[in-house]
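User: I would like to learn how to read salt bridges, sheets and surface patches from a set of coordinates. Can we work through one case?

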Amino acid sequence: MTMPENPQAPVLKWSPSHLISYCASKDLLVFLAGSKIRPVHVGTGQLILNPSLENAHDDIIRSGSFNEDGTLFITSSDDKYLRLWQVEDWSLLGSRLCKKKITGALFIGDDIVWSDRFGSVGQISLNDFVQPEVSHKQLLGHFSWVTQIAYNGRFLVTSDRDEKIRISCYPKSYVINSFCLGHSDIVSCLSVPSYEKLPENSLISGGGDGQIFLWNTETGDAYGNVELEDSALIRDISYNGDENLIYALSEKNQGIYVIQIEQDYSLQIKKRIELESNPLALKYIPDTGNLWVTLENGDILTVNGDTTEHASFEKEVNQFFEEVTDDEKSRAIMYCSISSWKKYQSHKKSKVAN
């Protein structure tokens, strides 16, 4: 059978890879874009420069997390490396090569825990991290790609491409406490909220089905959920504990959804803040009440209530994002819906066969 000359491929959303991490004790925002890292002091807007952060990895950075006291920072990447950074001078303390592409990494006490696209979750102590001869411990496994990993002080939370959120005890992660089941597509983002206005062990998730859930991880039940108007994949979420709000970014919408958590823990869309370009990542900072947002055009915004302002950072910070946004190596499919991925893979196979 002869295929058409230019068959129409299913559309997958390619966009710059942006992440934001925050450390309250150091007053530091860390912007991660492509393979680069840019730490910034929030109060002064001072950019921290270090040549090793220019190309911190050889591929797209998928996660960045501080340890509890803010002295260490761990990054993971599609280059299959975990990298450990000393926050004081942002020097590289060590790297560890993993077998598969890493989807997320975090600190739990004196341990580093990470997930990969093979469905595995590994653990190694800080002392053993820089010793390549020491093998890591495998904590648990999923049958599909682990998309996100989180820890709430009691449970290790892992989500996957097959719609599931697994709640495991830690460090005895072979003990499954519950599953949070409700998404009908890939689970694309997780957020562990503060508990001042929410029940203990709450969890927020977003998925490729355009839904946001508020979960009870103790029982696996959902307190409430809401579906965004465009039903598109949720790119990022952040929790505002001061006003009991969830901020969410949708893949198909040039704005920020503001979702109110009601007294009965049901979720209601309160409003949508329209922006001048596609938002890629966001992070709410409780100390200032500001929501930080990075845009596809390279801008960095702060949102406080109904006021939206451009960040007053030094010129180099904005230039950094503009450069990374224009760099094709920084563009990636962060996540896509299961149906879109299957169509895309089928299209690729048909092209090879013909």
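User: Which side chain meets that of E218 in a salt bridge?

Analyst: Keep in mind that this is a predicted model. For a salt bridge, look at the distance from a side-chain nitrogen of Lys or Arg to a carboxyl oxygen of Asp or Glu, with a cut-off of 4 Å. Here the side chain of E218 meets that of R154, at 2.4 Å from N to O.

User: Where do E218 and R154 lie in the chain?

Analyst: E218 belongs to the loop between strand 19 (211–216) and strand 20 (221–227), and R154 to the loop between strand 13 and strand 14 (155–160), so the salt bridge ties together parts that are 64 residues apart in sequence.

User: Why is E218 classed as partly exposed, and why is R154?

Analyst: The class between buried and exposed runs from 20% to 50% relative accessible area. E218 is partly exposed because its relative accessible area is 31%. R154 counts as partly exposed because its value is 41%.

User: How many salt bridges does the distance rule give?

Analyst: The count is nine. One of them joins D78 to R62, with the closest N and O atoms 3.0 Å apart. D78 sits in the loop between strand 6 (72–77) and strand 7 (81–86), while R62 is in strand 5 (residues 61–66), and the two are 16 residues apart.

User: Which other side chain meets D78 in a salt bridge?

Analyst: That of R117, at 3.4 Å from N to O. R117 lies in the loop between strand 10 (111–116) and strand 11 (120–125), 39 residues from D78. When salt bridges have a residue in common, they can be read together as a network. In this case the network links R62, D78 and R117.

User: Are the residues of this network buried or partly exposed?

Analyst: D78 and R62 are both buried. D78 falls in that class because its relative accessible area is 8%, and the cut-off for buried is under 20%. R117 counts as partly exposed because its relative accessibility is 28%.

User: Moving to sheets, what is the order of the strands in the open sheet of four?

Analyst: To read a sheet, follow which strand pairs with which, then find the ends. The order is 13-14-15-16, with antiparallel pairing. Strand 13 (146–151) and strand 16 (176–181) are the edges, as each pairs on one side only. On average, neighbouring strands in this sheet are turned by 20 degrees against each other, ignoring direction.

User: How many bridges pair strand 15 with strand 16?

Analyst: Strand 15 (residues 164–169) and strand 16 pair over five bridges in the antiparallel sense. For a single pair of residues, take I165, whose bridge partner in strand 16 is C180.

User: Which residues form a nonpolar patch on the surface?

Analyst: A patch is read from nonpolar side chains that are grouped at the surface. Here I176, F179 and L181 form one, with about 270 Å² of accessible area together. I176 is in strand 16, the edge strand described above. I176 is partly exposed because its relative accessible area is 38%.

User: What do the totals for the chain look like?

Analyst: The protein chain has three helices and 29 strands. Of its 354 residues, 56% are buried. Among contacts between residues at least 6 apart in sequence, 45% join residues at least 24 apart. The accessible surface comes to about 16,100 Å², and carbon and sulfur atoms account for 46% of that surface.

Note on methods. Residues numbered from 1 in each chain as written. Predicted model: local features only at pLDDT ≥ 70, side-chain atom pairs only at ≥ 80, totals over all residues. Heavy atoms only, no water. Pairing = 2+ DSSP bridges. Axes fitted to C-alpha atoms, helices over the stretch in contact; angles between N-to-C directions. Patch = residues over 30% accessible without salt bridge, like charges linked within 9 Å, V, L, I, M, F, W, Y side chains within 5 Å. Areas by Shrake-Rupley, 256 points an atom, 1.4 Å probe, with all protein chains shown as cover. Buried < 20%, exposed > 50% of the residue type's maximum accessible area, 1.4 Å probe, protein only. Contact = heavy atoms within 4.5 Å.
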